[in-house]
Amino acid sequence: RFRKFIRNQLIDIFASMGFEVFEGTEIETDYYNFTALNTPQDHPARDMQDTFWLDNGQVLKTQTSAAQNKILKKYAPPIRAIFPGRCFRNEDIDASHENTFFQLEGVIVDKDVSVGNLIYL
């Protein structure tokens, strides 16, 4: 309950600042989860011990970044978007970490945007 409360508060805060909310799918393709994010083929994040690979070659998304390329392809700038969602990491080798966690990230694409704009927000 507390996690859902915090999640909803964060979404409300960003929505009040004009961010659109896009929740991606929990099952992703290798392309959107890794390749489109410039993750090299030999990167450790692609290993079976770090990622839940499904029999069909898809993955349980390891990061909310997987939704960014889809949204940036679909909508033209200017855009303010956040991507909240559950992410999954195969953490069998490290019992101090959860294998399912909530992540929220955002992106702003517009003219004359800088880190100063993010600080102002």
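**Salt bridges, a three-stranded sheet and a pocket**

The structure, a predicted model, holds 3 salt bridges. They make a convenient way into the fold, and each is taken in turn here before the sheet and the pocket.

The first pair to consider joins Glu 23 and Arg 7, whose side chains meet with an N to O distance of 2.7 Å. Glu 23 belongs to the loop between β1 (20–21) and β2 (27–28), while Arg 7 sits in helix α1, so this contact ties together parts that are 16 residues apart in sequence. Glu 23 has a relative accessibility of 49% and therefore counts as partly exposed, given that the exposed class begins over 50%.

The loop between β1 and β2 also carries Glu 26, which forms a salt bridge with Arg 86. Here the closest N and O atoms are 2.9 Å apart. Because Arg 86 lies in strand β4 (residues 79–88) and Glu 26 in the loop, the pair ties together parts that are 60 residues apart in sequence. Both partners count as partly exposed: Glu 26 has 33% relative accessibility, and Arg 86 has 43%.

The remaining pair to describe is Lys 70 with Glu 28, where the closest N and O atoms are 2.8 Å apart. This pair links distant parts of the chain, with Lys 70 in helix α3 (residues 68–74) and Glu 28 in strand β2, 42 residues apart. The two side chains have contrasting surroundings. Lys 70 is partly exposed, at a relative accessible area of 31%, whereas Glu 28 is buried, at 2% relative accessibility. As general background, side chains of opposite charge can pair when their charged atoms come close.

Strand β4, which supplies Arg 86, also takes part in an open sheet of 3 strands, ordered β1-β4-β5 with mixed pairing. β1 and β5 stand at the edges and have a single partner strand each, so one side of each is left without a neighbour in the sheet. The pairing of β1 with β4 is parallel and runs over 2 bridges. In these, Val 21 has Ile 82 of β4 as its bridge partner, and Glu 20 has Ala 81 of β4. On the other side, β4 and β5 pair in the antiparallel sense over 10 bridges, and one of the residues involved is Ile 79, whose partner in β5 is Val 109. Of the 10 residues of β4, 8 are buried, so this strand is largely enclosed by the rest of the structure.

Helix α1, already met through Arg 7, spans residues 2–16. Its 15 residues reach 21 Å from the first C-alpha to the last, close to the 21 Å expected at 1.5 Å a residue. The helix is followed by Gly 18, which has a positive phi near 90 degrees.

The largest pocket brings several of these elements together. About 250 Å³ of space lies in it, and α1 and β5 (100–109) are the elements that give two or more residues to its lining. α1 gives the most, with 4 residues. The lining consists of Arg 3, Lys 4, Ile 6, Arg 7, Arg 86, Glu 98, Thr 100, Phe 101 and Phe 102. By character, these residues divide into 3 nonpolar, 1 polar and 5 charged. Two familiar names return among them, Arg 7 and Arg 86: Arg 7 is the salt-bridge partner of Glu 23, and Arg 86 is that of Glu 26.

Key:
Residues numbered from 1 in each chain as written. Predicted model: local features only at pLDDT ≥ 70, side-chain atom pairs only at ≥ 80, totals over all residues. Heavy atoms only, no water. Expected span 1.5 Å × (residues − 1). 1 Å grid on protein atoms, 1.4 Å probe; cavity = no way out; pocket = protein on both sides within 12 Å on 5 of 7 lines; lining within 4 Å. Points joined across faces, edges and corners; volume = space filled by probe spheres on them. Nonpolar A, V, L, I, M, F, W, Y, C, P; charged D, E, K, R; others polar. Salt bridge = Lys/Arg side-chain N within 4 Å of Asp/Glu carboxyl O. Buried < 20%, exposed > 50% of the residue type's maximum accessible area, 1.4 Å probe, protein only. Pairing = 2+ DSSP bridges.
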